[in-house]
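Reader: Hello! I would like to go through this model with you and ask how some of its labels were earned.

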Amino acid sequence: MGGWSAWGMILPRPPASRFNARSTAAEILDRVEAGRGHSNALLAAIPPAVDDRERALTTEIVYGVLRRRRVLDALLAGVSSRPLTEIDAPVLTALRVAIYQILFLTRVPRSAAVNEAVSLVRARRGQAPAAFANAVLRAACRAIDEGRVSPPERPGPDPQPGELVAYLESTQSFPRFLVERFLEQFGASECEALLKAFNRPAPIVLRPARRGEGADALAGALAREGITTIASPVLEGALRVVRGSPQHSALFRGGGFYIQDEASQIVARLLLPLSAGENLIDLCAAPGGKVLALAESLPTEAGIVIAADVSLTRLKSLSLNAHRMGVDSILAVAMDVTRPAVRARFHRILLDAPCSGTGIIRRHPEIRWRRSADDIERFARLQDEALLAASELLAPGGRLVYAVCSLEPEEGPDRVAALLRARRQLTVVDARSLLTGTLRRLVDESGYLRTLPHRDDLDGFFAAVIVRSPEP
């Protein structure tokens, strides 16, 4: 194939000069479709020496195919001589890669997209599958040229039941169950805006290291490495990347910043301030963005800071991040959040719980295809267990921040309500009392922090601040 393997520990990496964006994108997509990797992690593993244009094309194809899969499959199904379910998975991936370029990347020559896909299928599966791929792609091109490919018409002002769902499902390439859920929660116009936001790239956001000289100095230093940034329009002190790959910079390797969306940074701030002698535990900490931000902000006389996670692999990643950021005040502990292996009481607890992830689909577009209604129920049960366990660790007068990167009510306010019914000594504190300035607008009328991609250009987060009554 001549392409680099996104999982280089399994296959050897060829030199960066032999990197092939289209074949690499197909390899990454194959792994994502098989559930053997996450798109963002596989893309991040592309060697730093790869040309920025090739890296950008690979990223565009991977995310584009995941975001527009339903649109691509509708066209392929209309011209294929066999059902898509009967097409060999690597062949179908190559077809999707080609059709995405033809439909959405107008600067890519159509012949290049078709020829590369056919060559890829031939290298992977042989001549007969390559001939089939060539026939399908030629038929798709004819359908496009003859005007037989067009999006469905928007329903009128009073659509019949199901018409709006079908329209959004088709045009925005989302599974029906998520469209129905978002319509119920947000209404027609806001639902469509949300789906469109999920289909746009998320900004890369940098949190400057506390030991550094601040955002302005970091922006200048990054510029000298060819990375252009602007001040975050949402969070003072954060930077958004306009151009360049900050994760490959010397400043990144030296711990000058952490890559972290503004919403995640704001959640961490809900645990501050922490006074001398008070302790903190992050119960689902890895890879460590929030607990590292907290550890950097704490006074030197603060009590113990524990970062817990059930995964040893993820804890290793956290430890590497802590070393890079120059943070040595964190004690890493491997444990299940529903069965904590500690008996101390904590003044601050962060429970960034496992969830469906529907608030971060723009960063992880495959989530839309991996989730089901049953998953949301399953996560809700796990969150109940985790919240009850966390509440037992909370010291009198202490503060627990419960957060999920989900937009589902069952994983947010419903779980808080269930906890308060089970633990009468707990109450919710209005998050506005802990935030300043324009950040308060991100808090709803119930006092919960709620960030939305289409409204705030932030990852979708829910966070509740819960306190335990002081003992009499």
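**Labels and the values behind them**

Author: Happy to. In this predicted model, helices α3 and α5 are roughly perpendicular to each other.

Reader: What makes α3 and α5 roughly perpendicular?

Author: The axes of α3 (residues 52-67) and α5 cross at roughly 100° and come within 10 Å. Angles from 65 to 115 degrees count as roughly perpendicular, so the label fits α3 and α5.

Reader: Which residues of α3 and α5 meet?

Author: From α3 there are Glu-60, Ile-61, Gly-64 and Val-65, and they meet Arg-96, Val-97, Tyr-100 and Gln-101 of α5. By class, the residues of this contact divide into four nonpolar, two polar and two charged.

Reader: Why is α4 called roughly perpendicular to α5?

Author: The reasoning runs along similar lines. The axes of α4 and α5 come within 10 Å, crossing at roughly 100°. The range for the label is 65 to 115 degrees, and that makes α4 roughly perpendicular to α5. On the α4 side, the contact is made by Arg-69, Val-71, Leu-72, Asp-73, Leu-75 and Leu-76. The α5 side brings Leu-92, Leu-95, Arg-96, Ile-99, Tyr-100, Leu-103 and Phe-104.

Reader: How many nonpolar, polar and charged residues does the contact of α4 with α5 have?

Author: There are ten nonpolar and three charged residues in the contact of α4 with α5, and no polar ones.

Reader: Let us turn to the pockets. What is the volume of the second largest pocket, and which residues are closest to its centre?

Author: Its volume is about 290 Å³. Of the 13 lining residues, Val-71, Val-149, Ser-150, Pro-151 and Pro-152 are the closest to the centre. Two or more residues of the lining come from each of α4 (69-79), α5 (89-104) and α8 (163-171). The largest share, four residues, belongs to α4. Sorted by class, the lining has eight nonpolar, three polar and two charged residues.

Reader: Now the sheet. What makes β2 and β4 edge strands?

Author: The sheet is open and has four strands in the order β2-β3-β1-β4, with antiparallel pairing. An edge strand pairs on one side only, as do β2 (228-231) and β4 (257-259). On average, neighbouring strands here are turned by 40° against each other, direction ignored.

Reader: How do you know that β1 and β3 pair?

Author: Pairing needs at least two bridges between the strands. Strand β1 (residues 205-208) and strand β3 (residues 239-243) have two bridges, in the antiparallel sense. Leu-206 stands opposite Leu-239 in β3.

Reader: Which strands do the helices α14 and α15 touch?

Author: Helix α14 (residues 289-297) packs on the sheet and touches β1 and β4, with its direction at about 25° to that of β1. Helix α15 (residues 312-325) also packs there, touching β1 and β4, and its direction makes about 150° with that of β4.

Reader: One last topic, the backbone. What omega values go with the cis peptide bonds at Pro-273 and Pro-287?

Author: Most peptide bonds are trans. The cis bond between Leu-272 and Pro-273 has an omega of about 0°, and the cis bond between Ala-286 and Pro-287 has one of about 5°. Pro-273 is in the loop between α13 (262-269) and β5 (280-282), while Pro-287 is in the loop between β5 and α14.

Reader: What is the phi of Ser-173?

Author: Most residues other than glycine have a negative phi. Ser-173 is not a glycine, yet its phi is positive, about 60°. Ser-173 sits in the loop between α8 and α9 (176-186).

Note on methods
Residues numbered from 1 in each chain as written. Predicted model: local features only at pLDDT ≥ 70, side-chain atom pairs only at ≥ 80, totals over all residues. Heavy atoms only, no water. 1 Å grid on protein atoms, 1.4 Å probe; cavity = no way out; pocket = protein on both sides within 12 Å on 5 of 7 lines; lining within 4 Å. Points joined across faces, edges and corners; volume = space filled by probe spheres on them. Nonpolar A, V, L, I, M, F, W, Y, C, P; charged D, E, K, R; others polar. Axes fitted to C-alpha atoms, helices over the stretch in contact; angles between N-to-C directions. Contact = heavy atoms within 4.5 Å. Parallel < 35°, antiparallel > 145°, perpendicular 65-115°, else oblique.
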